[in-house]
Amino acid sequence: MPYTAEINRSKPTAFFFLIDQSGSMDDPWGMDGTKRKCDAVADAINRLLSTLVIRCAKGEDVRDYFQVGVIGYGGSVKSGFKGALAGRQFVPISEVADNPLRVEQRTRKEDDGAGGLVERMVRFPVWFEVDASGSTPMREAIETAHGAVKAWCELYPLSYPPAVINISDGEPTDGDPSRAAAALKEVGTNDGKVLFFNIHISSSSKRPVEFPDSQMGLADEFAQRLFEMSSVLPPRLVDEARKEGFAVSEKSRGFAFNADLRALVQFLDIGTRTAELR
Amino acid sequence: MRDEKESGDGNGRAGQPIPSSSLIPRPSSLSFSVLHAPKEEHSEDEYEDACAVADGGTPDAPVVTAALADGASSSVFARQWARLLVGHFSSVPFADGETWSRVAGLGQAWRREVGTKKLAWYAQEKLAQGAHASLLVVTWDVAGRRWSARAVGDTCLFVVRQDRLHHAFPVGRSTEFGNRPDLVPTEVERVAPDRLPPVHEAADAFEDGDRFLLMTDALAAWFLRTVEAGARPWETLPVDPAAFAPWLRAQRESGSLHNDDVTLLEAVVRERPEQAAAPAPAA
């Protein structure tokens, strides 16, 4: 059965993030006018990387269950990592853990165990900086991901397949990316094809949509195309999404439109909750 | 790996050798053996189950208690938490109404043990989430010839009598195992009392020849699946440590046993030779 490979240190899995850093990401975000789209995305990516590290942390070690790649596309396609990790394509999660650009202190509201919320100071590592300029070469970014994950799958043929997660405000400037996305989804390991997830960050204040199973109700042609490009969720992720309260079906796709920050982080979290870690 | 321990005369205490002679009648004795293995491709240092056996009670009412815990893989410092739980619950009798206050005290001990180190940001963040473990505690009332058990989560007890599965506790069917078992948390204070996991209880009489098999979830799931298929897993399960490791590897490779830490603690009720040979007491 596909998408069931156990994840361990000899058979890690990989996450590859494609982050739209084009000029339009500087615009206010539809779901929270006080924030720019690029700020919301940087926060979500940094929080997710932190979650992935913590998921692999065992005592004082971080076990290399995951490898992570980040590329940004704004004007051109470039490595999303800076500092000690600059230019790296896939980085073992233990190296990600040990090389944030800085660790900030932030407050986070948490469940107090009695139905309420308490504020807690948390350490917030930052790997990915805000950037927003230039055009939107999404097709080229997907082609870059294709090359990277194809090489990765050849190295780890028995692993749970990589997930490629694209976060964009949706309008490519280098042509239709559909064919590149279809080719990307043909790559895989013995355990299944690459999973391609898309998150559409919009300036519109239209109702958010997460894990839809059809194009019905999607705002525009760009959202519809990103939906079409997205993988159908494997059954385990359907279960995970359902447990988190999302209305999903077995045809649901890894696509979110205009998710607020909490839902965006939840979406990313569910998208990266692969098979059991051992 | 296998450790053996004989017990049952009631004079021993946790971690102490048991005296060779006693005035207490010995209607039966319990012999214990333990087999354990870390996950495949993991080292012994990464093994996160823990078990302990201790004698207790009084000279007139000796008891033996075994505790087995399975530290949750998703937790940080889960091994230390599992060890604290079994060390405590094997040596201090279970008392209704006190369970969670005692766990809270153990949680403080866990924080003292692991929280004093200088840790990286991720270990500090994860430390705040606490550790979790399933727990099974079985007590044998040696003179009264009864056993009782309490459990949180999916660490299991199977009682085999006369070549039949006589008792399965607290999980009765293999389909009941999942990825989110109830667990004992270190951070009890942060959980509302009505959200704490249930403590399951069971009790029964025991007889000479009974085999008590305490095991963590991966092996327990295999055990129940085998029973459900109409076979006798207690016959298949190797008791020889030299045979256990290759058997376990083969089961894992074939997919019939999930790759997880495995612990099997077996207690067998044996009739003592001197008791068997002794004349019946005068009326």
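**Exercise 1. Describe how many residues each chain brings to the contact between chain B and chain A, and how much area is buried.**

Solution. Chain B contributes 30 residues and chain A contributes 34 residues to the contact, where contact means heavy atoms within 4.5 Å. This is a predicted model, in which local features need pLDDT of at least 70, side-chain atom pairs count only at pLDDT 80 or more, and totals for chains, interfaces and linings use all residues. Residues are numbered from 1 along each chain as its sequence is written, chains are lettered from A in the order in which they are written, and side-chain values use heavy atoms, leaving out hydrogens and water.

Next, take the area: the two chains bury about 2,600 Å² between them, with 42% of it on carbon and sulfur atoms. Buried area is the accessible area (1.4 Å probe) that two parts lose on being put together, summed over both. Finally, look at B:W121, B:Y122 and B:E125, which supply 30% of the area that chain B buries against chain A, more than any other three residues.

**Exercise 2. Find the salt bridges between chain B and chain A, and sort the residues on chain B's side by class.**

Solution. Start with the count, which is 5 salt bridges between chain B and chain A; each needs a side-chain nitrogen of Lys or Arg within 4 Å of a carboxyl oxygen of Asp or Glu. To view a salt bridge, go to A:E240 and B:R180, whose side chains meet at 3.2 Å, N to O. Then sort by class: the side of chain B that touches chain A has 10 nonpolar, 9 polar and 11 charged residues. Here Ala, Val, Leu, Ile, Met, Phe, Trp, Tyr, Cys and Pro count as nonpolar, Asp, Glu, Lys and Arg as charged, and the others, Gly among them, as polar.

**Exercise 3. Characterise the aromatic pair of B:W147 and B:F212.**

Solution. Geometry comes first: the pair is edge-to-face, 6.0 Å centre to centre with 80 degrees between the planes. Rings of Phe, Tyr and Trp (its six-membered ring) pair if their centres lie within 6.5 Å; planes under 30 degrees apart count as stacked, over 60 as edge-to-face and the rest as tilted.

Now locate the partners. B:W147 is in strand β6 (residues 146-152) of chain B and B:F212 in strand β11 (residues 211-215) of chain B, so the pair ties together parts that are 65 residues apart in sequence. Strands (E, at least two residues) are DSSP runs, numbered from the N terminus.

Last, check burial: B:W147 and B:F212 are both buried, that is, under 20% relative accessible area (1.4 Å probe, protein chains only). They also belong to one aromatic cluster with B:F32, B:W140 and B:F206.

Technical notes. Helix = DSSP H or I, 4+ residues; strand = E, 2+ residues; numbered from the N terminus. Buried < 20%, exposed > 50% of the residue type's maximum accessible area, 1.4 Å probe, protein only.
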